[in-house]
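The exercises below are meant to be worked with the sequence and the coordinates side by side. Each begins with a task and is followed by a solution in steps.

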Amino acid sequence: MSVAQVPRVPFLQLRPAEDGPAVRAAIDRVIDRGWFVLGPELEAFEREFAGACGAAHAVGVGTGTDAIALALRATGIGPGDEVITPPLSATYSALAVIMAGARPVFADLDPDRLTLDPEAAAAAVTPRTAALLPVHLYGQPADMPALVDVARRHNLAIVEDCCQAHLATCAGRPVGTFGAAAAFSFYPTKNLGALGDGGAVVTDDAALAGRVARLRNGGQTDRYHHQDAGVNTRLDEIQAAILRARLAYLPEWTRRRRALAARYRAALTGAGDVKVPPERDAGHVYHLFVVRTARRDALREHLSANGIETLIHYPVPIPRQPALASTNPAECPVADQVCREIVSLPLHPALPDADVDLVAAAIHGSGV
Ligand SMILES: *Cc1c(COP(=O)(O)O)cnc(C)c1O
């Protein structure tokens, strides 16, 4: 078989491994109980996940995108409001703003952190701005103290997109606790992944948590009595049970991600034109390990020829996506340049040290 068919170093490995027995036991427990939606596993997971996040409440929903949209709605954001968000993220961050009925407005990146630049965010404020939606991209926290300051000066809410940042901290404080609410995704590739879709809203505000719990369930107050025009997006019992089992492994998986990132950093010093962006906060949880080079395509081709899978997160700035380009134009020159230079290297908790060394050696040998 050629290396093109079976990569020596695949980008990801999603099959349960050390957690396999616990995951299967969790699934069996739910099957045996015969209760599949809005039951005891979800309640327990919400309590346990809130605890892991250092927050008072968590509300499980169907996806991270729904978590962002419902966190915004429950914060009072809707039609007529603008939400300032970065141009580099999963496009779902901005789509969730639209789902909430509001308008995403893009402010450019801090060129070091690759997260929402507080000065650019302040400059994008208009009389319609209602909230900031920073994204802790790749697992590195945005500069939250500076963004909290911008929000205070302009009387804005903050909803954090923590979909890539489970257990991350910013200046020692858990991400997700800086604003009104925060959104997490449990898509299978995330640091805490389900075996399907999932998400959660995290907040210290009991009333806000109650509004999200109602909105995710069709806006029902009592059975078959609908108070708001909610949506149908619940985290089901099987996924909640799986996530409970995996939450126990998350601290160790996070340590492993950090150790692999440190190994990459050491191995990639002096690697030609390949630059490793600085770690601006020790609370970085390395959802992705992203390097930059002006010769990105040549580097990817060389790595691919050596059986090493890479991806680009993300190739197109969100305001340049056809879905948004016409309604939400924005000039974000930092994001434009970053999108031409970034490449994500394999990094997941099951990746052996030897594979990091192999990838680093291939980069040194690439001539880039
Ligand atoms: C994955 C992700 C989302 C969307 O989460 P889904 O669960 O796929 O809906 C939103 N924002 C960021 C930054 C993400 O990484």
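Val37 is found in the loop that runs between α1 (20-33) and α2 (40-53). The model is a predicted one, and the values in the solutions are computed from it.

**Exercise 1. Determine whether Val37 is buried, partly exposed or exposed, and name the surface patch that it helps to form.**

Step 1. The relative accessibility of Val37 is 37%, and since partly exposed covers the range between 20% and 50%, Val37 counts as partly exposed.
Step 2. Val37 joins Ile31 and Phe36 in a nonpolar patch on the surface, and together these residues have about 250 Å² of accessible area.

**Exercise 2. Find the salt-bridge partner of Glu41, and classify both residues by their accessibility.**

Step 1. The side chain of Glu41 meets that of Arg33 in a salt bridge, with an N to O distance of 3.0 Å, which satisfies the cut-off of within 4 Å.
Step 2. Glu41 has a relative accessibility of 1% and therefore counts as buried, whereas Arg33, at 36%, counts as partly exposed.
Step 3. Both residues also belong to a network of salt bridges that links Arg29, Arg33, Glu41, Glu48 and Arg244.

**Exercise 3. Locate the salt bridge of Glu82 in the chain, and then compare it with the pair Arg296 and Asp297.**

Step 1. As a general point, side chains of opposite charge can pair when their charged atoms come close.
Step 2. Glu82 forms a salt bridge with Arg103, and their closest N and O atoms are 3.8 Å apart.
Step 3. This pair links distant parts of the chain, for Glu82 lies in strand β2 (residues 82-85) and Arg103 in strand β3 (residues 103-106), 21 residues apart.
Step 4. Glu82 counts as buried because its relative accessibility is 9%, while Arg103 counts as partly exposed at 36%.
Step 5. In the other pair, the side chains of Arg296 and Asp297 meet at 3.2 Å, N to O; Arg296 is buried at 10% relative accessibility, and Asp297 is exposed at 52%.
Step 6. The count for the structure comes to 18 salt bridges.

**Exercise 4. Describe the largest pocket by its volume, its lining and the helices that contribute to it.**

Step 1. The largest pocket holds about 500 Å³ of space, and of the 29 residues that line it, Ala90, Tyr187, Thr189, Lys190 and Tyr314 are the closest to its centre.
Step 2. Both α3 (64-74) and α4 (92-99) supply at least two lining residues each, and α3 gives the most, with three residues.
Step 3. Sorted by class, the lining of the largest pocket has 13 nonpolar, twelve polar and four charged residues.

**Exercise 5. Characterise the second largest pocket and the largest cavity in the same manner.**

Step 1. In the second largest pocket there is about 330 Å³ of space; its lining is made of 21 residues, with Gln13, Leu14, Arg246, Trp253 and Pro349 nearest the centre.
Step 2. That lining divides into ten nonpolar, five polar and six charged residues.
Step 3. A search of the whole structure finds one cavity of 30 Å³ or more, and the largest cavity has about 130 Å³ of space.
Step 4. The largest cavity is lined by 15 residues, of which Tyr138, Arg265, Pro277, His284 and Val290 lie nearest its centre, and by class the lining comprises ten nonpolar, two polar and three charged residues.

Technical notes. Residues numbered from 1 in each chain as written. Predicted model: local features only at pLDDT ≥ 70, side-chain atom pairs only at ≥ 80, totals over all residues. Heavy atoms only, no water. 1 Å grid on protein atoms, 1.4 Å probe; cavity = no way out; pocket = protein on both sides within 12 Å on 5 of 7 lines; lining within 4 Å. Points joined across faces, edges and corners; volume = space filled by probe spheres on them. Helix = DSSP H or I, 4+ residues; strand = E, 2+ residues; numbered from the N terminus. Nonpolar A, V, L, I, M, F, W, Y, C, P; charged D, E, K, R; others polar. Patch = residues over 30% accessible without salt bridge, like charges linked within 9 Å, V, L, I, M, F, W, Y side chains within 5 Å. Areas by Shrake-Rupley, 256 points an atom, 1.4 Å probe, with all protein chains shown as cover. Buried < 20%, exposed > 50% of the residue type's maximum accessible area, 1.4 Å probe, protein only.
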